[in-house]
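Colleague: I am new to reading protein models, and I would like to go through this one with you slowly. Could we take it in questions and answers?

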Amino acid sequence: MHRILLIDDDEDLAAPLATYLQRFDLALDHAARPTLGLARLAEQRYDAVILDVMLPEMDGFEVCRRIRHSSDIPVLMLTARGDVTDRVVGLELGADDYLPKPFEPRELAARLQTILRRSRNGAQGDAKAQKLVFEGLTIDLQRREVQREGELLDLTGTEFELLVLLAREPGRVFTRDEILNRLRGREADLYTRAVDILVSRLRKKLEPLPLIKTLRNAGYTFAGVPRT
C-alpha cells in the first residue's frame, strides 16, 4: 500500500478522504500544519504528498519549495478553482500535478495513481537502455540523474521527465499539448504556458548547451547529438 501525506488545515477533509482512498490501496496520513508535515516527511517514508496552497504558518508554495530542497517525492497541489497563477507557480516550484478545489475524490485517486506510476517507472528505469548519451550530456534513466559536461544537474521530477521525453527522440517536434499529455498522462486542459515555463527552466539548467530548440508555432525539439 502506498503511503500518502496530506498537508491541509481542513480537519474535516482528512478522515473521509482516508477512508475513500483505502479502496485504491492508498494509505492517507494527515498533517494540519506545514511544520508538522515537513517534520513527518523528514522522519517517515511517504510515496507522495497532497499539498494545499492555503495553509497557516506558510503557504503551500513555500512548503513545496522546502520539500524540493531535499526530496523529489511526487507532489500534487490543491489550488483554488480557476486560479491558473497558482498552478503555474506550483509547477515552477517543482510540483508534479495540481487539482482545483473542490475536487472529486475519484479524480484525486486517479491523479495520485498516475504520478505514483510515473515515479515508479522512473525509479525502475529501463534495463535495456539505462542511459541516453549525447555530446556534453548524459541521462541516466535508472538513477534519474543528468550530467552536463560531467557536472550533476539538480532537476525536479517533472524537468527530468520532460528532458527524457525530448531526448528519446532527437529531432522530433513535440507540440505543447503533446508534451502536457505525455507528462501528465491525461488530456491537456488549461495552460500550455506551463510547458513554456518548464522548458525555460530546463534550458537554464542545461546552459550553455543549446539542446532544446523552439520551433515557432510548432513546439519544441531536442537538438542533442547522440554519442556513439
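Colleague: Is helix α6 (residues 157-167) mostly covered or mostly uncovered, and how many of its residues are buried?

Modeller: Please keep in mind that this is a predicted model, in which local features need pLDDT of at least 70, side-chain atom pairs count only at pLDDT 80 or more, and totals for chains, interfaces and linings use all residues. Residues are numbered from 1 along each chain as its sequence is written, and side-chain values use heavy atoms, with hydrogens and water left out. Helices (H or I, at least four residues) and strands (E, at least two) are DSSP runs numbered from the N terminus, while buried means under 20% relative accessible area, exposed over 50%, and partly exposed in between, with a 1.4 Å probe and protein chains only. Helix α6 is mostly covered, and the number of its residues that are buried is eleven of eleven.

Colleague: What is the mean pLDDT of the protein?

Modeller: The pLDDT is the predictor's confidence in each residue, from 0 to 100. In this protein 89% of the residues reach 70 or more, and the mean is 85.

Colleague: Over which residues is the pLDDT below 50?

Modeller: There is such a stretch, and beyond near neighbours in sequence it has twelve contacts in the model, where contact means heavy atoms within 4.5 Å. The stretch with pLDDT below 50 is residues 186-190.

Colleague: What is the order of the strands in the open sheet of five strands?

Modeller: Two strands pair if DSSP finds at least two bridges between them, and the pairing in this sheet is parallel. The edge strands, each of which pairs on one side only, are β2 (26-31) and β5 (97-101). Read across the sheet, the order is β2-β1-β3-β4-β5.

Colleague: Which residue in β5 is the bridge partner of Ala80?

Modeller: Strand β4 (residues 75-80) runs parallel to β5, and five bridges join the two. For Ala80, the bridge partner in β5 is Lys101.

Colleague: Which strands does helix α1 (residues 11-21) touch where it packs on the sheet?

Modeller: The direction of helix α1 makes about 170 degrees with that of β2; axes here are lines fitted to C-alpha atoms, for helices over the stretch in contact, and angles run from 0 to 180 degrees between N-to-C directions. Pro16 has its place in this helix and counts as partly exposed, at 48% relative accessibility. The strands that helix α1 touches are β1 (2-7) and β2.

Colleague: With which residues is Asp25 in contact, leaving aside its neighbours within four places in sequence?

Modeller: Asp25 is found in the loop between α1 and β2, and it is partly exposed, with a relative accessible area of 40%. Once the neighbours within four places are left aside, the contacts of Asp25 are Met1 and His2.

Colleague: How many aromatic pairs does the count come to?

Modeller: Rings of Phe, Tyr and Trp (its six-membered ring) pair if their centres lie within 6.5 Å, and planes under 30 degrees apart count as stacked, over 60 as edge-to-face and the rest as tilted. By this rule the count comes to two.

Colleague: How many residues apart are Phe134 and Phe222?

Modeller: These two rings form an edge-to-face pair, with 4.8 Å from centre to centre and 65 degrees between the planes. Phe134 is buried, and so is Phe222. The pair links distant parts of the chain, with Phe134 in strand β6 (residues 131-134) and Phe222 in strand β12 (residues 219-222), and their separation is 88 residues.
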